[in-house]
Amino acid sequence: MRGFVAVLLRDLQLAVRAGGGAMLSLIFFASVVLLVPLGVGADHKLLAKAAPGLLWVAAALAVLLSLDRLFQADFEDGSLEQMTLGTAPLELIVLAKVLAGWLTTGLPLTVASPFFALQLHLEGEAALMLTLTLLIGTPGLSLVGAIAAALTLSVRRGGLLLSLLVLPLYVPFVIFGAGAVAAKVAGLSAVFALYMLGGLSALALVLALFAGAAALRLNLG
Amino acid sequence: MWHYANPKTFLDTASRFEPWLWGLASFLIAGGLYAAFFLAPIDYQQKDSVRIMYVHVPSAWMSMFIYGVMAVASIVGFAFKHPLADVAAKAAAPIGAAFTFVCLVTGSLWGRPMWGTYWEWDARITSVFVLFLLYLGYIALWRAIEDPTRAAKAAAILCLVGVINIPIIRFSVDWWNTLHQPASVFRLDGPTIHPSMLWPLLVMGLGFTVLSFALLLLRMRTEVLERRLRALRLRAGGG
């Protein structure tokens, strides 16, 4: 447990200090939201209809862009190998690093999401529903992404490969995340989609721990 | 199982079986195509375009079946470190991707006269499209990692994560479809298919299966020989 906390605090410190890029995903998210009305026009109804899916796709891309930082630097300078020498199991180290990653990408995005929702004319309960779905779903995005990040660790310039591996696996998250918000907008019950989203994140947790650690071992061994 | 871990034994056995598989596949597919074009009746609604089904549906079967083959090979390769299983998984992926592509293209060509559009975001089309992307990602990962043992393990992990995800993707796309579209799309197949249409379809399905195995053996032999060549080159280069 001490190893877990140590890795978590270390990664958080690295992220918030100079060159860490903790808020970069949030800025990316804001830029995407800016481009959309410029691309499709500022019609209120159109934007409001597209907003749930759009914001979810933007969130998925923002998480995706943060993934290559997750293990890469520590792998290259050898600190990842040092961490495996301690008593903490590799699964726990993966969890600590993903949690630190989520706290600096998924969480800021979730907290700021109501404002972006308002910009795209998604208001009231629907905006709050968006925040709730992001709160439940983005940890899952980070976890699933961690598997692919660990798999592509030894691939030079693996960024494009990483997105090819991850984006098909994001399909269910985007469907149920945006689906819950769209259901709320249409006045339907969003409970089923929320349960599914929670289930997806829980499954991602189990998968990421085992597959992620196995992939790391593969690249370290 | 371990008998064939010896590349020499495998190469000999595979070369002996392969011509038979090619012959059987040609016979079945030629017969199936003849039946599909000349014996099977035209559909009262779809007219002659129903004949696309005899290529489309077996391709769809193969696209899923080969992913299953890859998954089994990945488990055997990852858990028992069987070298031939890794080769099988690697060799199967492009075959599966090709059948998935054929399935998408024929489905699109059938959709134009039937639905009036080349592409409909129907639940099936969408999930086959996702499956195609999963295949491509798997192939790309194999190509990106140079060391074959490491690449095999990484690809096996990816394949198994994909196996767990495919039913979830399928289910979520189905749910999405009911939310966004009325179920107005005409279903291509169903339990009500007439026997005169069913038997050419099954012959084609069997032919495609045998063809897949023939291609698989061919690709596996190529891979084994390529690795041998690589080892020889390394030895020659090392002095």
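Biologist: Which residues does Tyr170(A) touch, not counting residues up to four places away in sequence?

Modeller: In this predicted model, Tyr170(A) touches Ala60(A), Val63(A) and Leu67(A), and also Leu141(A), Ser142(A), Val144(A) and Gly145(A), once residues up to four places away in sequence are set aside.

Biologist: Which residues touch the most other members of the largest nonpolar core?

Modeller: Tyr170(A) is one of them, together with Leu55(A), Phe71(A), Phe173(A) and Tyr138(B). The core holds 146 residues.

Biologist: Which element gives the most to this core?

Modeller: That element is α8(A), with 14 residues.

Biologist: I should like to turn to the interface. How is the size of an interface often given?

Modeller: It is often expressed as the accessible area lost when the parts come together. Here, about 2400 Å² is buried between chain A and chain B, and carbon and sulfur atoms give 86% of that area. Leu151(A), Leu169(A) and Leu218(A) supply 23% of what chain A buries against chain B, more than any other three residues. The contact draws 27 residues from chain A and 26 residues from chain B.

Biologist: How many salt bridges are counted between chain A and chain B?

Modeller: The count is zero salt bridges. For residue pairs in polar contact, with both residues at pLDDT 80 or more, the count between the two chains is also zero.

Biologist: Which elements give two or more residues to the side of chain A that touches chain B?

Modeller: They are α8 (125–151), α9 (159–166), α10 (171–185) and α11 (191–220) of chain A. The largest share, eleven residues, comes from α11(A). By residue class, this side of chain A divides into 22 nonpolar, five polar and no charged residues.

Biologist: Let us now consider chain B. Is Thr106(B) buried or exposed?

Modeller: The cut-off for buried is under 20% relative accessible area. Thr106(B) has 13%, and therefore counts as buried. This residue lies in helix α3 of chain B. A polar atom of the Thr106(B) side chain is 2.7 Å from the backbone oxygen of Val102(B). Leaving aside neighbours within four places in sequence, Thr106(B) is in contact with Ile52(B), Val55(B) and His56(B).

Biologist: Why does Gly107(B) count as buried?

Modeller: Gly107(B) counts as buried because its relative accessibility is 16%. Gly107(B) is found in helix α3 (residues 83–115) of chain B.

Biologist: How far apart are Gly107(B) and Leu141(B) in sequence and in space?

Modeller: They are 34 residues apart in sequence, and 28 Å apart in space from C-alpha to C-alpha.

Note on methods. Residues numbered from 1 in each chain as written. Chains lettered and ligands numbered in written order. Predicted model: local features only at pLDDT ≥ 70, side-chain atom pairs only at ≥ 80, totals over all residues. Heavy atoms only, no water. Contact = heavy atoms within 4.5 Å. Buried area = accessible area lost by both parts, 1.4 Å probe. Salt bridge = Lys/Arg side-chain N within 4 Å of Asp/Glu carboxyl O. Polar contact = N/O pair within 3.5 Å; in protein donor to acceptor, adjacent residues only side chain to side chain. Helix = DSSP H or I, 4+ residues; strand = E, 2+ residues; numbered from the N terminus. Nonpolar A, V, L, I, M, F, W, Y, C, P; charged D, E, K, R; others polar. Core = buried A, V, L, I, M, F, W, Y, C linked by side-chain atoms within 4.5 Å. Buried < 20%, exposed > 50% of the residue type's maximum accessible area, 1.4 Å probe, protein only.
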